[in-house]
Amino acid sequence: MSWQPPHLHLAHVSKRYDQVQAVHDLSLAVPRGAVYGLLGPNGAGKTTTIRMIMRITLPDSGTITLGGVPLDDRLRERIGYLPEERGLYRKMKVLDHLIFLGEIRGLPRDEARTRAAAWLDRLGLAEKAGRAVEELSKGMQQKVQFAGAVIHSPELVILDEPFTGLDPLATRQLKDEIAAMAARGVTVLLSTHVLPQAEELCQHLCLINRGRAILSGSLAEVRGRFNRHALRVVSSAGPAQLRAVPGVTEVHAREGEYVVTIANHVSVATVIRALAERVELHAVERHEATLEEIFLRAVEDDHAAAV
Amino acid sequence: MLRLSKVRTVMRREYTSRVRTKAFWISTLLVPVAIVAFTVLPSVVMKRQGGTFSIALLTSDGDLAGEIQAELARRVESAPGVGALNIRVEWIQPRDDADRQREELKQRVLHKELTGVLVLPQEVLTSGRVEYLSTNVTAFRLIGRLDNAVERVVLRARLRTAGISEERLADVTRGVKLDPVRLTSSGSEAREALGGSFAMSYVLTFLIYLTVMIYGFYVMRGVLEEKSSRIVEVIVANLSPTELMAGKIFGVGAVGLTQYLIWAVLAMNLAAPGLLGLGLVENGGDLLSPKLLVFFVLFFVFGYFLFATVYAAIGAAFNSEEEAQQMQTVISMFLAIPFVLMFVILNDPDAPISVILSLLPFFSPMLFFLRMTVAFPPTWQIILCFALMSMTLLAMVRVSAAIYRVGILMYGKKPTFKEIARWVRTS
């Protein structure tokens with residue numbers, strides 16, 4: 001397989017607001033057709049990064065390219081954008097609003113009308129077409145906005161915290177739509193602080209904290225970097241006994257089993273042997289760290305490094 | 001660079017979403033009602049007021065009393081639809097106890113037996129002073145009529161004293177009527193009732209003032225709505241702030257022109273015949289000449305753009321209507337200044353002060369237009385006026401667009417004037 005240039009590429013992008021370095025020397029390579037997770041705690045710089053891609057604010061330094069070409073206002077039209085701060089004209093009728101958004105995004109009026117109706121149908125909002133936006137529930141309004149963001153079939157879709165405020169059913173529906181878009185070859189950049197969602201949807205991710213990328217790569221790569229350090233252990237021994245085994249640094253009890261963290265310089269095999277000698281083992285296996293654990297640790301390490 | 005298709009899309013949204021509201025139709029129908037109520041109605045009521053009045057005439061001179069009685073009984077031709085004044089005169093001779101008699105007459109006035117008392121002193125022919133006692137001394141029409149009658153009678157008496165023969169009196173005292181003739185710019189003469197021209201100038205200028213203020217305010221409200229509901233974030237990826245601002249201003253302006261069109265149709269079919277019927281305007285066609293109408297629309301358009309750009313910038317700079325209130329009040333007051341200056345212009349439309357005031361770009365839409373309705377200004381002034389307005393408009397668009405571009409995506413604390421000035425400088 002030949003190497004493909006990234007679809008969206010940020011190189012050494014920095015942005016400073018008055019006293020705060022919002023984004024510092026950030027580089028991102030979003031592959032074409034991937035669902036790319038932009039993760040991080042609140043205030044990490046995710047939204048600032050997205051606003052720079054959308055040219056709402058311009059970076060102080062660094063370059064942003066789409067398909068290898070520096071992003072400008074004309075190229076920006078190929079991006080679909082669902083901002084974190086969502087808003088619609090409250091008094092406008094749902095169908096009219098989608099037609100308006102379609103036209104603004106460059107569709108001819110008739111085409112915008114056809115697609116708007118199709119999207120409402122698809123999202124189960126067909127009978128709300130003639131209603132004013134303000135009469136819809138919050139979840140429905142978000143679905144309308146999502147349709148508005150992708151109505152012009154963009155090649156790149158940026159979704160900033162798209163699941164906030166959605167009920168489980170609407171969340172499922174939106175996830176399915178994102179997966180379907182990716183299957184069609186659309187690149188999706190998804191910002192979220194809810195890690196299980198990223199884990200479910202993304203093949204690539206980047207964790208940013210305090211404006212810097214502290215972890216990035218494919219989901220498998222990110223996992224691989226942390227996984228060999230932990231074991232899932234089922235044992236009748238108490239946590240203190242496990243803690244006493246050489247090479248074990250941490251023990252967390254949960255649901256009748258333990259997650260045992262291993263010191264960096266010790267091999268996994270050595271620890272398993274030591275465990276078997278000292279305590280009664282019912283089962284041992286490698287622990288697949290959740291993204292949440294990985295990120296909590298990465299963020300902690302980052303803060304520790306900063307002190 | 002402005003992409004016209006984008007501007008047109010925004011414009012259409014602004015236009016249709018406004019014209020479809022009930023509020024638009026209610027205001028379209030209410031404004032003419034309000035204008036009639038505030039301007040035409042009072043003068044109509046005043047003109048039409050007729051009725052029967054009892055006046056006591058206190059004088060020792062029987063001849064004089066008789067003549068005044070006859071004079072007041074004479075029917076005066078009145079304009080169509082205006083009620084007649086029926087004045088009953090009761091002659092009372094002064095008694096020796098003058099103070100007591102005066103007191104009694106006062107009581108009769110207070111008990112509404114009499115409308116008023118005319119007190120003619122003995123030496124009225126020389127002093128020329130007559131008292132009128134009444135509870136209402138602002139009944140202009142009645143007092144005018146009494147004044148006129150007494151003056152004519154006293155004048156005749158003086159002329160008799162001076163030796164003018166009875167036969168020649170009627171000839172000498174025949175009245176003179178002043179006919180105001182307005183010269184139109186083409187040199188033709190327009191004859192009209194004095195009140196008509198003023199009412200029309202006032203109404204049209206008031207309309208420009210009202211619509212510029214209302215539609216400017218709509219622009220500001222719209223911008224604030226987009227900002228506070230974060231719609232801007234959603235559409236800004238596909239639309240430059242300048243395109244959004246232009247579309248909004250054009251769209252709201254088109255709503256204004258639509259309203260004018262409706263009013264024009266209403267005026268031609270209902271109001272103009274009505275005014276003619278009331279005798280306020282003798283020649284409606286001349287007052288609402290096509291040329292004046294064209295300038296009316298032009299001045300609305302310029303006035304609207306001048307103020308709408310300012311209002312849009314205010315909307316973009318602040319976060320809420322409460323925050324914007326202060327600035328908006330300043331602008332509204334600015335808009336009201338020419339309204340106050342109207343009378344300076346009406347008094348002498350071609351005086352240097354009138355010319356200068358009317359050429360100030362933010363005042364021109366009202367004051368220069370007002371001058372046009374009373375005395376058409378020379379061509380060079382018209383050209384200068386539009387040149388000044390155009391230049392100011394271009395500068396305003398630039399400044400407002402700069403404020404708009406930055407402000408529309410700026411949230412959080414209320415910006416200071418220093419910050420706003422920096423936005424303009426750095427753009």
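User: Happy to dig into this predicted model with you. Why are helix 14 of chain B and helix 15 of chain B called oblique to each other?

Analyst: Good place to start! Helix 14 (residues 352-359) and helix 15 (residues 364-374) of chain B pack at an angle of about 140°. Roughly antiparallel needs an angle over 145 degrees, and roughly perpendicular covers 65 to 115. The value of about 140° fits neither class, so the pair counts as oblique.

User: What makes these two helices of chain B a packed pair?

Analyst: Their axes are 7 Å apart. B:Ser354, B:Val355, B:Leu357, B:Ser358 and B:Leu359 in helix 14 meet B:Ser364, B:Leu367, B:Phe368 and B:Arg371 in helix 15. By class, that contact has five nonpolar, three polar and one charged residues.

User: And why are helix 5 of chain A and helix 6 of chain A described as roughly parallel?

Analyst: Here the angle between helix 5 (residues 138-150) and helix 6 (residues 168-183) of chain A is about 10°, with the axes 11 Å apart. Angles under 35 degrees count as roughly parallel, so the label follows for this pair. On the helix 5 side, A:Lys143, A:Phe146 and A:Val150 take part, and among their partners in helix 6 are A:Leu174 and A:Met181. The contact has five nonpolar, one polar and two charged residues.

User: How do you know that A:Lys15 forms a salt bridge with A:Asp60?

Analyst: The closest N and O atoms of A:Lys15 and A:Asp60 are 3.8 Å apart. The limit is 4 Å, so the pair qualifies as a salt bridge. A:Lys15 sits in strand 1 of chain A, while A:Asp60 is in the loop between helix 1 and strand 4, 45 residues apart. Over all chains, the structure holds 38 salt bridges.

Definitions and conventions
Residues numbered from 1 in each chain as written. Chains lettered and ligands numbered in written order. Predicted model: local features only at pLDDT ≥ 70, side-chain atom pairs only at ≥ 80, totals over all residues. Heavy atoms only, no water. Axes fitted to C-alpha atoms, helices over the stretch in contact; angles between N-to-C directions. Helix = DSSP H or I, 4+ residues; strand = E, 2+ residues; numbered from the N terminus. Contact = heavy atoms within 4.5 Å. Nonpolar A, V, L, I, M, F, W, Y, C, P; charged D, E, K, R; others polar. Salt bridge = Lys/Arg side-chain N within 4 Å of Asp/Glu carboxyl O.
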